[in-house]
Amino acid sequence: MAPGAPATSAVPAASAAAAAGPQDPRTAQERRGPERALLVGVAWGRGGRLSFDERMEELRELARSAGAEVVGEIRQRRGRPDPATLIGPGKVQEVAEARRRLEADVIIFDRNLTPAQQRNLERAIGGKVIDRTQLILDIFAARARTREGQLQVELAQLQYLLPRLVGMGEALSRLGGGIGTRGPGETRLEVDRRRIRRRIAELRRMLSEVRRHRAVQRRGRRRAGIPVVALVGYTNAGKTTLHAALVRRFGEAAGPVTAGRDRLFDTLDPTVRRVVWPGVGPVLVADTVGFIHDLPPQLIAAFRATLEEVLDADLLLHVVDASQPRWPVDVETVEAILDDLGARQPRLLVMNKMDRVPGWGPEANRPPADGPVGGDGRGAPGAGRDAGAVRLSARTGEGLEALAAAVAALLERGRRRVTVWVPYRRPDLRARIHAAGSVLAEEPGPDGWAVTALLPEAEVGRLERSGCRLVTAAGTAAGAAAGAEASS
Ligand SMILES: Nc1nc2c(ncn2[C@@H]2O[C@H](COP(=O)(O)OP(=O)(O)OP(=O)(O)O)[C@@H](O)[C@H]2O)c(=O)[nH]1
Ligand SMILES: [Mg+2]
């Protein structure tokens, strides 16, 4: 690979590109389909929890999910990263040559680049260089559907961009239209930076407005007292597929359910659907954005509010792609992010895609007679990360009953299912029941409400002392209403 060698290439698309000529104003995409990406991986020290291969495989998936075609991959192992260019100078040359040879439109680094490293690399390589964070931001930008999601992504992008605007034109021209376009002088840049800061402030204002609105919705939901179960987990674990399966199986009315797609970060905005959970009653099931290792900090910050809303749930179903040997690492990654977000509620591990695990049958889930459900089909229950997990296939629906039972048990844990009679003159007590537990049913009687709810034991005693009457320890709403009438 002599420097300056002619850009001969075995790639058929090259001839189309050559025919288009250097003056062709069309973008790479218009000329020849997907953007051609060259991946660069760097490993140093003992590496992280994922192997080099696993990280590069994930980068490949991310690039594919962003709509790019991966045309090559270059790796380097080093004692430590080069402060100026991350990879060594010789490797930079190799990447520059590969870019020309493979006619790559974009070089994607597996590691996050400082603004200076990115600038140095773009100069030396002579093409667009982006890092993993920017790749993920691009995917998010393409996926955001709700207004809040779009505002959050734009905010994260601008926050990422701001420190990269220092004395450079490439980053600006990369934006295409919109904020600050190509070839600015220093003065122009100053203006653009100001405009970006103004836009960031504006986005923050709009987001807080949207969030106020969400808070109102959430309060309404709390008042309704319906338990919320949120599906969380690594990207591509099968959350959306499981969400759809649950809605199909337990949903009230058949509505449009979107199926998950095999691409990373397919779901960006939380989707909440109401189902009737066996043994529990109405339950809201929320599908959420997937997590990934080394999640860009800008994105955590931007999506914090959305995630916190979801983390308000009564129970988290942590969905895992159990068909991947690396699943324990993914579990750790997700648990760590949940801990960071301050998630306190019970979590149930759901080992998904079991249809791909040889030798599995849904009977591997022990009957939910007592205690945590699940059990290891292959090893001793109670041992390892998957202790107490439920195994299922969201795709085939096998194992959904075991999940249903496990969730019902967890939602009732530490709470008692009671029907209490609340006199009409004590709306405060009715409000207290709503605040303290999950209301399953309410029926008006001649002189009070019969409220059936899952309540903490202590709260049941407090209510009795305050003038509520326990109608039945457990029973149907209809029976409770009859009881309330009889006792009035
Ligand atoms: N074989 C098999 N494939 C599954 C199963 N569940 C999901 N998948 C596939 O896995 C891929 C990802 O599924 P999704 O439901 O989109 O995953 P997700 O967790 O919602 O992903 P993000 O929204 O990107 O975080 C899709 O191609 C699904 O068809 C399963 O039980 N078995
Ligand atoms: Mg999804």
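**How the labels in this model are earned**

The protein chain holds 16 helices and 14 strands, where helices (H or I, at least four residues) and strands (E, at least two) are DSSP runs numbered from the N terminus. This is a predicted model: local features need pLDDT of at least 70, side-chain atom pairs count only at pLDDT 80 or more, and totals for chains, interfaces and linings use all residues. Residues are numbered from 1 along each chain as its sequence is written, while chains are lettered from A and ligands numbered from 1 in the order in which they are written.

Me: What makes the span of α7 close to the expected one?
Reply: The expected span is 1.5 Å times one less than the number of residues. Helix α7 (residues 147–161) has 15 residues, and its 21 Å from first C-alpha to last is close to the expected 21 Å.

Me: Why is α7 called mostly covered?
Reply: Because a residue is buried if 20 or more other C-beta atoms, placed from the backbone, lie within 10 Å of its own (exposed: 12 or fewer; partly exposed: in between), and 11 of the 15 residues of α7 are buried. Among them are L151, V153 and Y160. Across the 488 residues of the protein chain, 38% count as buried.

Me: Why are β5 and β8 said to pair?
Reply: Pairing needs at least two DSSP bridges between two strands. Strands β5 (residues 228–233) and β8 (residues 315–321) have five, in the parallel sense, so they pair.

Me: What makes β6 and β10 edge strands?
Reply: In the open six-stranded sheet, ordered β6-β7-β5-β8-β9-β10 with mixed pairing, β6 (271–277) and β10 (390–391) each pair on one side only.
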